[in-house]
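Let's take a friendly walk through one protein model and the molecule it holds. Have the sequence and the 3D view ready, and follow along as we go.

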Amino acid sequence: MSARDLSSVIAGKRLVVCVGSGGVGKTTTAAAIALQAAISGRKVLVLTIDPARRLANSLGLSRFGNDELRIDLSSLPEARGELWAMMLDNQKTFDDLIKQIAPDPARRDAILNNRIYRATADNISGSQDYMATEKLHDVVIGGRYDLVVLDTPPVKNALDFLEAPGRLARFLDKRVMKWFLEPYDKERVLSRLLSGTSAVVFRLLSHVFGSEFLDDLSEYFNHFRDLYDGFRERQEAVEKMFFDQGATSFLVVCAPNGPSLEVAAFFLDELAARRMPNPGVIVNQRHVARGGELSADGVLGAAAAAQSADLDPATARSLLARLGAAHRRLRELAAHEDQLVDGVRGHMRPGQLLWSVPRLPDEVHDLRGLAAVGGALFGAPRG
Ligand SMILES: Nc1ncnc2c1ncn2[C@@H]1O[C@H](COP(=O)(O)OP(=O)(O)O)[C@@H](O)[C@H]1O
Ligand SMILES: [Mg+2]
């Protein structure tokens, strides 16, 4: 396997997507990659979903909402580009979208105030994935940034996210929308709802919620009729970008433990099956043990003797023995992780790379921590 560092892999890319199971460091890695790209001179946006609170606070991201915020990099004088960050807020993305694409202010307000819209916009299954896609279209295809790094939510079904754009495009095209939208006038929408097997349900609903409910419902679908071509076009554009080898890289992020590596192997296989661009895997939080079989005496030698000069010799010996034992345990742990990581290599395709990031002594909660993670990723590659 050729040893290429991550910077050459993402050079020239416009979208990097970090995927993997929860808690492994996807958000951290996404932010660290974005920071390195910004340091090297690019204008970068990290689009994140659920940053750990300490990291969000230290980056000034404590406000929710869909604002793109510029991160202050003045503590890193070597940074030549710009780092921007944004947290995805579903309801607000949906609202912004309606505002952007509604044909006139009356239509816009009618949708935003529609009770069905208010009740469903945040609850449609997978709406976070769809909204991420809308936002992606806005920020990547909109061209305001050289590079967008997308953090993904911890997905229950790991494929939800990858399939969201295509699925929504198909859904809008063929299913619910079409069924509701073919009869464009309100009477015919209502008559559809009020006939057949759904009639009883809808009569009951109108009895419970009042006939306004049915008005709202037909109004809702009618408004969306005008919007759905736009939805579909953007979802398809993002889907196309997901497959564009020149523009996009999916990076599988994992930690060196069984369950996370299983999800990583699954992603490697699925991305390959879909022919989506996947240069490789990042194994984060690895334990690193240097040296072979060590004797604390041998390594620390005279220093140990000097440091323990005022200790009773038995205590000094026992401390050194415990140091040696701790190092042996760390070596065993690292060797065990190596074995686990070898398992995931079996799922890698020719040309794919594996990058390792050591587990740092503290959690990664500020620019310095991100720069340390980025240094491991963008420095000399390590297996
Ligand atoms: N290399 C690392 N060393 C030490 N702590 C890390 C490292 N990578 C991530 N963390 C910490 O692990 C926790 C989970 O990371 P996060 O990026 O939020 O995971 P995810 O987005 O995959 O759920 C955070 O507290 C983060 O600071
Ligand atoms: Mg996260």
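The report below looks at the ligand, the pocket and the largest cavity in turn.

## Before we start

The model you see is predicted. Keep that in mind as you turn the view and pick out residues.

## Who surrounds the ligand?

Begin with ligand 1. Around ligand 1 there are 17 residues, and those that come nearest are Gly-23, Lys-26, Thr-27, Thr-28 and Val-364. Sorted by class, this shell holds 8 polar, 5 nonpolar and 4 charged residues.

Which elements help to build the shell? At least two residues each come from α2 (26–39), β7 (280–286) and β8 (353–358). The helix α2 gives the largest share, with 3 residues.

## Polar atoms facing the ligand

Now zoom in on oxygen atoms of ligand 1. A polar backbone atom of Lys-26 is 2.8 Å from an oxygen atom of the ligand. Val-24 also takes part through its backbone, where an N or O atom lies 3.2 Å from a ligand oxygen. Glu-363 uses its side chain instead: a polar atom there lies 3.1 Å from an oxygen atom of ligand 1.

How much of ligand 1 does the protein bury? Taken alone, the ligand exposes 560 Å², and the protein buries 86% of that.

## The pocket that holds it

Where does ligand 1 sit? Its place is the largest pocket. About 480 Å³ of space lies in this pocket. The pocket is lined by 27 residues, and the closest to its centre are Gly-23, Gly-25, Thr-28, Gln-285 and Val-364. You have already met Gly-23, Thr-28 and Val-364 among the residues that come nearest to the ligand.

Two or more lining residues come from each of α2, α3 (53–59), β7 and β8. Once again α2 stands out, since it gives the most to the pocket lining, with 3 residues. By class, the lining divides into 11 nonpolar, 9 polar and 7 charged residues.

## Enclosed spaces

Rolling a probe the size of a water molecule over the atoms shows where empty space is left. Searching the whole structure turns up 2 cavities of 30 Å³ or more. The largest cavity contains about 50 Å³ of space.

Which residues line the largest cavity? They are Thr-27, Ala-31, Val-46, Thr-48, Pro-51, Leu-55, Leu-59, Leu-61 and Ala-85. Of these, 7 are nonpolar and 2 are polar, with no charged residues. The elements α2, β2 (43–48) and α3 each supply at least two of the lining residues. Thr-27 is worth finding in your view: it lines this cavity, and it is also one of the residues that come nearest to ligand 1.

Methods: Residues numbered from 1 in each chain as written. Chains lettered and ligands numbered in written order. Predicted model: local features only at pLDDT ≥ 70, side-chain atom pairs only at ≥ 80, totals over all residues. Heavy atoms only, no water. Near = heavy atom within 4 Å. Polar contact = N/O pair within 3.5 Å; in protein donor to acceptor, adjacent residues only side chain to side chain. Areas by Shrake-Rupley, 256 points an atom, 1.4 Å probe, with all protein chains shown as cover. 1 Å grid on protein atoms, 1.4 Å probe; cavity = no way out; pocket = protein on both sides within 12 Å on 5 of 7 lines; lining within 4 Å. Sits in = over half its atoms within 2 Å of the grid points. Helix = DSSP H or I, 4+ residues; strand = E, 2+ residues; numbered from the N terminus. Nonpolar A, V, L, I, M, F, W, Y, C, P; charged D, E, K, R; others polar. Points joined across faces, edges and corners; volume = space filled by probe spheres on them.
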